[in-house]
Amino acid sequence: GVLTHGFTVDAKGQKMSKSKGNVVAPQKVVNSLGADILRLWVASSDTTNDIRFGPAILQAGADSYRKLRNTIRWMLGALHHFDRARAVDFAAMKPFELERLMLHRLSELDSDIRRAYEHYDYRKVVALLTHFMNTELSAFYFDIRKDTLYCEAPSSAKRLATLTVVDHLCDAILKWLAPILSFTADEAWQLYRPDEAASIHLLGFPEIPRAWRDDNLAAKWDRVREVRSAVTGALELERAAKRIGSSLEAAPTVY
């Protein structure tokens, strides 16, 4: 009962039927790619129209799944030795704007994701989390903060603040993804919090404090990110011309 309108059609737009021999059995997909990739495809589908289904479409779903899984794996690795007794309180985060920005984004996402789930809009949940994890975490926050995590002393306040935020991110993301990527989220939860609930499916959504919301900070960082995108674009040109390798070799002037 996934469809509200429309039919499932093959990649050419032909309605799937046994007589045409263009049916792809869900069991076959589960055996080759796993249940969560099939679940992700269903959750990403626009059920108000005919849904196209075929190997290339499933491969795109597998690529999307791999990116989400890699982001989760990175967070689990970063948190492997994290002692929550040393977590940084929100009140002590004042010097760390980037950390407060990520907590602000969690607070924004919290209301959007809850609303989408209440309306059974799984497609929006997937779109929100995919964009957040790929664009705002992997390509932005984690990319900036990995130097802090790898190079600063374990006692560094900035490093502890970063790990505290990664911990909040991991907790929220796994709980938000659990209804869709049910096996992946549960497997990751066992690695993330082995001493807590037996299954992530016995838990509710995260409780996100309202104090994390900071629209003025977000507006400031929107401008910073505009400048950053101009700089990263310029770096790509220099890299293509073989004038630099790593972006750390560059000293851009912004004017």
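**Exercise 1. Thr130 and its contacts**

Task: In this predicted model, find which residues Thr130 is in contact with, leaving aside its neighbours within four places in sequence. Then decide whether Thr130 is buried or exposed.

Solution:
- Step 1. Set aside the neighbours within four places in sequence; Thr130 is then in contact with Ser64, Leu68 and Thr135.
- Step 2. Place the residue: Thr130 belongs to helix H5, residues 122–151.
- Step 3. Take the relative accessibility of Thr130, which is 18%. Buried means under 20%, so Thr130 counts as buried.

**Exercise 2. Phe205 in its loop**

Task: Locate Phe205, class its accessibility and list what it touches beyond four places in sequence.

Solution:
- Step 1. Phe205 sits in the loop between helix H7 (182–192) and H8.
- Step 2. Its relative accessibility is 26%. Partly exposed lies between the 20% and 50% cut-offs, so Phe205 counts as partly exposed.
- Step 3. Not counting residues up to four places away in sequence, Phe205 touches Arg114, Tyr117, Lys175, Trp176 and Pro179.
- Step 4. Check a distance along the chain and in space. Phe205 and Ala178 are 27 residues apart along the chain, and their C-alpha atoms are separated by 9.4 Å.

**Exercise 3. H4 against H6**

Task: At what angle do the axes of H4 and H6 cross, and which residues make the contact?

Solution:
- Step 1. Helix H6 covers residues 157–177; its axis and that of H4 come within 10 Å and cross at roughly 10°.
- Step 2. Angles under 35 degrees count as roughly parallel, so H4 is roughly parallel to H6.
- Step 3. H4 supplies Glu99, Met102, Leu103, Leu106, Leu109, Asp110, Ile113 and Tyr117. H6 supplies Ala161, Thr162, Val165, His168, Leu169, Ala172 and Trp176.
- Step 4. Sort this contact by class: eleven residues are nonpolar, two polar and two charged.

**Exercise 4. H4 against H8**

Task: Describe how H4 and H8 pack, and give the handedness of the crossing.

Solution:
- Step 1. H4 spans residues 97–118 and H8 spans residues 215–240. They pack at an angle of about 115°, with axes 10 Å apart.
- Step 2. The range 65 to 115 counts as roughly perpendicular, so H4 is roughly perpendicular to H8.
- Step 3. The crossing of H4 past H8 is left-handed.
- Step 4. On H4, the contact uses Glu97, Leu98, Arg100, Leu101, His104 and Glu108. On H8, it uses Asp215, Leu217, Ala218, Lys220 and Trp221.
- Step 5. By class, the contact of H4 with H8 has five nonpolar, one polar and five charged residues.

**Exercise 5. Two cysteines**

Task: How many disulfides does the structure hold? Is Cys151 buried or exposed, and is Cys170 buried or exposed?

Solution:
- Step 1. A disulfide is a covalent bond between the sulfur atoms of two cysteines.
- Step 2. The structure holds zero disulfides.
- Step 3. Cys151 has 63% relative accessibility and so counts as exposed.
- Step 4. Cys170 has 0% relative accessibility and so counts as buried.

**Exercise 6. Ala35 and the whole chain**

Task: Place Ala35, then lay out the order of the elements.

Solution:
- Step 1. Ala35 is in helix H2, residues 35–44. Its relative accessible area is 22%, so Ala35 is partly exposed.
- Step 2. Ala35 and Ser182 are 147 residues apart in sequence, yet 9.0 Å apart in space, C-alpha to C-alpha.
- Step 3. The protein has eight helices and two strands. From the N terminus on, they run β-α-α-β-α-α-α-α-α-α.
- Step 4. Of the 255 residues, 39% count as buried.
- Step 5. Among contacts with a separation of 6 or more, 71% come from residues 24 or more positions apart.

Terms used
Residues are numbered from 1 along each chain as its sequence is written. This is a predicted model: local features need pLDDT of at least 70, side-chain atom pairs count only at pLDDT 80 or more; totals for chains, interfaces and linings use all residues. Side-chain values use heavy atoms; hydrogens and water are left out. Axes are lines fitted to C-alpha atoms, for helices over the stretch in contact, and angles run from 0 to 180 degrees between N-to-C directions. Helices (H or I, at least four residues) and strands (E, at least two) are DSSP runs, numbered from the N terminus. Angles under 35 degrees count as roughly parallel, over 145 as roughly antiparallel, 65 to 115 as roughly perpendicular and the rest as oblique. A crossing is left-handed if the near helix is turned anticlockwise from the far one by less than a right angle, and right-handed if clockwise. Contact means heavy atoms within 4.5 Å. Ala, Val, Leu, Ile, Met, Phe, Trp, Tyr, Cys and Pro count as nonpolar, Asp, Glu, Lys and Arg as charged, and the others, Gly among them, as polar. Buried means under 20% relative accessible area, exposed over 50%, partly exposed in between (1.4 Å probe, protein chains only). A disulfide is a pair of cysteine sulfur atoms within 2.5 Å.
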